[in-house]
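The following note is offered to a colleague who is reading this structure at the bench. The points run from local terms to the whole chain.

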Amino acid sequence: MGISQYDPAARGRPAWNAGKQVGVKRPLKVKQIWLIRFFLDREGRMRDRALFDLAIDSKLRGCDLVKMKIGSLVSGSAIRNRSIAIQQKTGRPVQFEITADTRASLLAWLERRGGSIDDFAFPSRVNPDGHLSTRQYARLVDEWVAAIGLRPEDYGTHSLRRTKAALIYKATGNLRAIQILLGHTKIENTVRYLGVDIDDALTQAETTEI
């Protein structure tokens, strides 16, 4: 059997996932969240602190997070308590809460950032009219987790998306609520995303005596 000229192997190029850990990335624990916040505050990285906090609260995919505009986050001179985003993947809206810590870090950043309600909250450094790229966002996440001693290979942008969802599920066991918060169309996707089906089954089995 021949090899296609479009096959990377035909040109001696490594596969895209060579040497990389592929699969579900770990969510952050509460202690790790605060360690990253402490690191960003200590380094005076106001934009990154706001981006990190919004990522945790919003539970958005990276492609949706970087496209958030100032107008969707503010109401008058204050940060909204809730916001909404249209998901690029599904085209459907998803709502999310903005908690007090996130409102504080966003307000501090946006006051420094300036701009109008039609501007992106996190602009590109290359193109001021554009937004932060998903690739740069991914690099930032790698840097943040490495700064607190975690392996970047084990974490990624989806770690931030999963973090609050995993904490809420652990506290409530309400999969339907998590499905809504993540904007999943099917609850099966939520089950796979959280990786909770086997753990839950075993937990139920262990607590059932016959």
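1. A term is needed for the hairpin discussed first: two strands are said to pair if DSSP finds at least two bridges between them. The model under review is predicted. In it, strand β3 (residues 82-86) and β4 pair in the antiparallel sense, with 5 bridges. The hairpin of β3 and β4 has 6 residues between the strands, and Gly-91 there takes a positive phi near 75°.

2. The two faces of β4 (residues 93-97) deserve attention. In a regular strand, side chains alternate between the two faces of the sheet. Along β4, Val-94 and Phe-96 point to one face and are buried, whereas Pro-93, Gln-95 and Glu-97 point to the other and are not buried. Opposite Phe-96 in β4 stands Ser-83.

3. Which residues does Ser-58 touch, leaving aside those up to four places away in sequence? They are Leu-65 and Phe-96. Phe-96 is one of the buried residues of β4, and Ser-58 itself lies in helix α2 (residues 46-58), so this contact links the helix with the strand.

4. Is Ser-58 buried or exposed? Its relative accessible area is 1%; the cut-off for buried is under 20%, and Ser-58 therefore counts as buried. The side chain of Ser-58 reaches the backbone oxygen of Leu-54 at 2.8 Å. Ser-58 and Leu-181 are 123 residues apart in sequence, yet their C-alpha atoms are 8.5 Å apart in space.

5. Lys-59 should be examined next. This residue is found in the loop between α2 and α3 (62-65). Its phi is near 60°, a positive value in a residue other than glycine. Lys-59 counts as buried because its relative accessibility is 1%, below the limit of 20%.

6. Turning to the protein as a whole, there are 10 helices and 4 strands. From the N terminus on, the order of elements is α-α-α-α-β-β-β-β-α-α-α-α-α-α.

7. Finally, some totals may be recorded. The protein has 210 residues, of which 38% count as buried. Among contacts with a separation of 6 or more, 57% are between residues 24 or more positions apart. The accessible surface comes to about 12600 Å², and 53% of that surface belongs to carbon and sulfur atoms.

How values were computed. Residues numbered from 1 in each chain as written. Predicted model: local features only at pLDDT ≥ 70, side-chain atom pairs only at ≥ 80, totals over all residues. Heavy atoms only, no water. Buried < 20%, exposed > 50% of the residue type's maximum accessible area, 1.4 Å probe, protein only. Contact = heavy atoms within 4.5 Å. Polar contact = N/O pair within 3.5 Å; in protein donor to acceptor, adjacent residues only side chain to side chain. Areas by Shrake-Rupley, 256 points an atom, 1.4 Å probe, with all protein chains shown as cover.
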